Amino acid sequence: MAQADRTEFKGWLFDRDDDDMRVGVCDRCLARMDTLPTLELGAWPIFHPSHQRIDKWQALKVLEEAAEVVEAAKGSIRSVTVLDGRTLVNRARLVNEIADLLQTTTNLCAAFGITSVDLGFARTECTIKSLKRGMFDEGPRTRMHREPDDT
């Protein structure tokens with residue numbers, strides 16, 4: 001797979017020098033990253049190159065699949081049942097839609113030449129941002145979430 005063109009790329013987290021990304025902050029975050037629980041999503045096969053394009057339609061397919069995940073999640077939420085004190089959720093459709101989303105995301109990466117190394121760097125940066133926001137610590141949900149009584 002060819003490497004994506006990085007001529008316009010301005011750098012990763014470690015190239016930044018703003019106050020938010022001081023080396024000391026990064027060191028503490030990196031040390032903690034090894035202690036966080038993870039979810040292994042496995043390797044996904046890449047579709048034949050004839051199905052790949054560097055265009056907006058390849059990216060829009062990811063958006064379409066993400067919308068289907070939302071609809072499946074809503075269906076799973078509606079299916080919640082409590083039986084003998086246990087909460088049961090029908091999540092089969094949700095699992096299938098997430099798999100479709102992961103496959104489509106894999107194909108987008110392939111089309112744009114994004115490698116697992118690229119994603120590894122981006123994952124580290126994303127995790128550090130989330131650590132600094134306290135997302136791995138107990139606390140109130142972020143502003144992007146609605147509480148059950150919100151409309």
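# A walk through the four helices

Start by selecting Trp-57: at 57% relative accessibility, this residue counts as exposed, because the cut-off for exposed is over 50%. Keep in mind as you click around that the model is predicted. Trp-57 sits in helix H2, which covers residues 56-78. Now add Leu-60 and Leu-63 to the selection and show the surface. Together with Trp-57, these two leucines make a nonpolar patch on the outside, with about 350 Å² of accessible area between the three of them.

**Zoom out for a moment**

Switch to cartoon and colour by secondary structure. You should find four helices and two strands. Trace the chain along its sequence and the order reads α-α-β-β-α-α. There are 151 residues to look at, and 25% of them are buried. The accessible surface of the whole chain adds up to about 11800 Å², and carbon and sulfur atoms hold 57% of that. If you like contact maps, draw one here: among contacts with a separation of 6 or more, 74% are between residues 24 or more positions apart.

**Into the core**

Next, select Val-62, Val-69, Ala-72, Leu-94, Leu-101 and Leu-108 and show their side chains. These six residues are the largest nonpolar core. Helix H2 and helix H3 (92-112) each put at least two residues into this core. Stay on Leu-108 and ask the viewer for its neighbours. Which residues does Leu-108 touch, once those within four places in sequence are set aside? The list is Gln-52, Gln-58, Ala-59 and Val-62. Val-62 is a name you already have selected, as a member of that core.

**Hunting salt bridges**

Time to colour by charge. Side chains of opposite charge can pair when their charged atoms come close. How many salt bridges does a search of the whole structure find? The search turns up four, and three stops will do for this tour.

First stop, back on helix H2: select Lys-61 and Glu-65. Their side chains meet in a salt bridge, 3.3 Å from N to O. The two are about one helical turn apart, because they are four residues apart in H2. Is Glu-65 buried or exposed? Glu-65 is buried, since its relative accessible area of 6% falls under the 20% cut-off. Lys-61, at 34% relative accessibility, is partly exposed.

Second stop, further along H2: select Glu-71 and Lys-74. This pair also forms a salt bridge, with the closest N and O atoms 3.1 Å apart. Here the spacing is three residues, again about one turn of the helix. Both ends count as partly exposed, with Glu-71 at 38% relative accessibility and Lys-74 at 36%.

Third stop: jump to helix H4 (residues 116-132) and pick Glu-125 and Lys-129, which are four residues apart, so about one helical turn separates them. Their side chains meet in a salt bridge of 3.3 Å, N to O. Lys-129 is partly exposed, with a relative accessible area of 35%, whereas Glu-125 counts as buried at 8%. Before you leave the charged residues, go back and add Glu-64 to your Lys-61 and Glu-65 selection: salt bridges with shared partners link Lys-61, Glu-64 and Glu-65 into one network.

**Last view**

To finish, show all of H2 at once. Within this helix you can pick out Trp-57, the Lys-61 and Glu-65 pair and the Glu-71 and Lys-74 pair.

Note on methods:
Residues numbered from 1 in each chain as written. Predicted model: local features only at pLDDT ≥ 70, side-chain atom pairs only at ≥ 80, totals over all residues. Heavy atoms only, no water. Patch = residues over 30% accessible without salt bridge, like charges linked within 9 Å, V, L, I, M, F, W, Y side chains within 5 Å. Areas by Shrake-Rupley, 256 points an atom, 1.4 Å probe, with all protein chains shown as cover. Buried < 20%, exposed > 50% of the residue type's maximum accessible area, 1.4 Å probe, protein only. Core = buried A, V, L, I, M, F, W, Y, C linked by side-chain atoms within 4.5 Å. Contact = heavy atoms within 4.5 Å.
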